[in-house]
Amino acid sequence: MASRSWLKQEALEVIYELSDLYDLQINRIRLGAGRSATVVTASCCSKEPPNCCPKCGAVRSLRGHGRKITIFRDVPHATGTGVGIQVDRARFRCVNCGMTSLAPVAHMDQKFRMTERMVERICMEAVQRPFSAIASDYAIDEKTVRRIAKDRIPCIIGRVRPVDS
Ligand SMILES: [Zn+2]
């Protein structure tokens, strides 16, 4: 029984930490411990298709074309366990250009497949700590930390040489 109430508490903490991501509808939380990540299954609250095609710009040209799940990383929760958010997204096909596109997801950085808050946190830490230490704490590749730093804080690469490179 003790472990069950502990789990409940842990789930509540995860839900609390996800509350900033208000445009996501949380469907399920599978708690992980240690290196096995907590997996959150979610969908977008806003169901309307974008007004125009992101590829060619044609207005009202998008038609439903199935669904796709994208996994975004989120900041680890208090215990250090990684968090992955699986977002079920609508896919569209443009009747003008024939290209497919996915429904945009609020709070997410599409380029790095992470929450925006995780990218921001990595940027903040990248000016203070070796990239390898950040990579290890967030269970991501050091190259990813480097790419984020290069992309978001270009001056850091030329001016400060990270300790580990
Ligand atoms: Zn198009």
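Start by selecting Thr41, and then show Asn27, Arg28 and Gln86: Thr41 touches these three residues once anything up to four places away in sequence is set aside. As you look around, keep in mind that this is a predicted model.

Stay on Thr41 and colour by secondary structure. Thr41 sits in strand β2, which covers residues 38–44. Now add Val87 to the selection and draw a C-alpha to C-alpha distance: Val87 is 46 residues away from Thr41 in sequence, yet the two are 6.2 Å apart in space. Is Thr41 buried or exposed? Thr41 counts as partly exposed, because 16 C-beta neighbours lie inside 10 Å, and a residue needs 20 or more to be buried.

Next, zoom out to the whole chain. You should find five helices and seven strands, and walking along the sequence gives the pattern α-β-β-β-β-β-β-β-α-α-α-α. Of the 165 residues in the chain, 21% are buried. Among contacts with a separation of 6 or more, 54% join residues 24 or more positions apart.

For the last stop, select residues 116–126, helix α2, together with residues 142–152, helix α4. Their axes come within 10 Å and cross at roughly 85°, so α2 and α4 are roughly perpendicular to each other. Show side chains where they meet: Val119, Ile122, Cys123 and Ala126 on α2, against Val145, Ile148, Ala149 and Arg152 on α4. Colour this contact by residue type and you will see seven nonpolar residues, one charged and no polar.

Note on methods:
Residues numbered from 1 in each chain as written. Predicted model: local features only at pLDDT ≥ 70, side-chain atom pairs only at ≥ 80, totals over all residues. Axes fitted to C-alpha atoms, helices over the stretch in contact; angles between N-to-C directions. Helix = DSSP H or I, 4+ residues; strand = E, 2+ residues; numbered from the N terminus. Parallel < 35°, antiparallel > 145°, perpendicular 65-115°, else oblique. Contact = placed C-beta atoms within 7 Å. Nonpolar A, V, L, I, M, F, W, Y, C, P; charged D, E, K, R; others polar. Buried ≥ 20, exposed ≤ 12 C-beta atoms within 10 Å, placed from the backbone.
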